[in-house]
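Colleague: Could you take a close look at one part of this predicted model for me? I'd like to know where one residue sits and what surrounds it.

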Amino acid sequence: MKSNKTKSFASPSAVSLLALALLAGCAAAPEAGDKEAQAEWKQINDPAEPTNRNLHSFNQGVDDNALKPMAEGYREYVPGNFRTNIRNVLTNLGEPVTAVNDVLQGEFLRAASAVGRFCVNSTFGFLGMGDVAGGGGMEHHTEDFGQTLAVWGVGEGPYMVLPILGPSNPRDATGFVVDRFMDPLSWVFPSMPLVASVSKGTVEAVDKREKYIDPLNEIQRTSLDYYASLRSLYRQKRADDILNGKKGPAMPAPGLAYESKSGQAGN
Amino acid sequence: MKKLLLNASMAFALAASCLVDLPASASEVANGAKSFVAQLSDRAVNQIGKAQVSEEERANRVRALMQDSFDIPRIASFVTGRVGANADAAARKEFEQVFLDYQVYTWTKRFKDYGGQTLVVGNAMPPDESGDVSVDSRLVDPAGKPPVEVTWRVRPEGNSYRGVDIVVEGVSMRITMQSDYRSILQRQGLPGLTAALKERVDGIRTGKIEVPPLKAGSAK
């Protein structure tokens, strides 16, 4: 509830808010004797929760005042077909990174599909504006280095909220940086001007925000604790992405069950 | 000789039937769970989605479906965790009522502008260690939007089944609700959560809190 109300965001105080957020520190761990609380603490895995909640409020301020209005304006004033073309171009530019990560994960067929899509859509799809390959049955998928690290057995680490970028953890944050460097496009065009890469990043952010306008609105309206809901959704979605949607014994069960004690009591 | 062969084959058939008895019952449970999900979705589509009825009647039908097909007390105890487990019976009962209302009005709104989506039931996994069966399905959109993967977690109860969770594209509803409720439970206990949820129920019922209709591909 509290996090929903901290929306006031005056630009001069943005920097001081961010500084304050970082100073908030860590939550106190439960006492060693309380086994249930210990298990819960481990499962939530958010030792820097006070800092993270402040960063979440900061991000909300940026979202409410800049990103979301831009995304809504984008949806309102740019025709749907044109938005689809832009999304296709961005998706296409992401295929090489997906292909590299597929290879690193030993998923060679999926890598071939990503490379195939990139070749077909860059040529027959007019620089990626059309998804010709998708129409031909080569379905789009994404992989990133955070997922590659997970496949290699690296744990996610504690939950963290990054300024502007939002929900993450040390593994996925590392992956995010590595993906920027492994992008083959940055090798082909090493002298891409800063303006170009910043505008690409901005367009990506607006496109992504537009995609999530409706689901995020609904979660924000219906949840009691938006921060905790986002934390849970981020973790579950990443776990699903890592397994490429397959269910297996490796799938973590992030919920705690108390069914035996009170399951019958309510009947 | 012929008789001996007959006897031998009968003995073999008997032995074989004993041997396959165990896995057959596990697959029976899985198949039963699959038809449970298929019936549940048929009922939702025909009696709620396609039916031209008043909002009040739609809510009544959603409530009946929820009570028949979902184990609300079990889900309620899961989402309230240990604070719920340590609360008294009256407080738990009150939460269950409000929690059911929350589900009823949320799904009544979701079914309001039903767009003809159908649920295609896929495979079912054998029961896991908790006894629950997972049934895979895809919510298919008639307009050709990408389908949404939905996994149903159902608990066999004698000859029938009851839903305990719905997992949409890898996101479990009960785990998400458990996370959402934890903080208010810790600060204000079960009555605090019940009061906050009641406020949400009123908002959804009166339209103050907007719940968009069911859409395939919306979460992607």
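**A glutamate in a loop**

Modeller: Sure, let's go with E143(A), which lies in the loop between α7 (132-135) and α8 (145-151) of chain A. Bear in mind that the model is predicted. Is E143(A) buried or exposed? Its relative accessible area is 3%, and the cut-off for buried is under 20%, so E143(A) counts as buried. For context, 37% of the 267 residues of chain A are buried.

Now for the side chain. E143(A) has a polar contact with the side chain of Q105(A), at 3.1 Å. The side chain of R110(A) is also joined to that of E143(A) by a polar contact, again of 3.1 Å. Leaving out residues up to four places away in sequence, E143(A) touches V97(A), T98(A), N101(A), D102(A), Q105(A), R110(A) and N244(A). Q105(A) and R110(A), the two polar partners, are thus on that list too.

As for the chain around this loop, chain A has 14 helices and two strands. Among its contacts with a separation of 6 or more, 69% are between residues 24 or more positions apart. On the outside, chain A exposes about 14,400 Å², with 66% of that supplied by carbon and sulfur atoms. That's the setting for E143(A), a buried residue in a loop.

Notes:
Residues are numbered from 1 along each chain as its sequence is written. Chains are lettered from A and ligands numbered from 1 in the order in which they are written. This is a predicted model: local features need pLDDT of at least 70, side-chain atom pairs count only at pLDDT 80 or more; totals for chains, interfaces and linings use all residues. Side-chain values use heavy atoms; hydrogens and water are left out. Helices (H or I, at least four residues) and strands (E, at least two) are DSSP runs, numbered from the N terminus. Buried means under 20% relative accessible area, exposed over 50%, partly exposed in between (1.4 Å probe, protein chains only). Contact means heavy atoms within 4.5 Å. Accessible areas come from the Shrake-Rupley method with a 1.4 Å probe; for residues, only the protein chains shown count as cover. A polar contact is a pair of N or O atoms within 3.5 Å; within protein, one must be able to donate a hydrogen and the other to accept it, and residues adjacent in sequence count only if both atoms are side-chain atoms.
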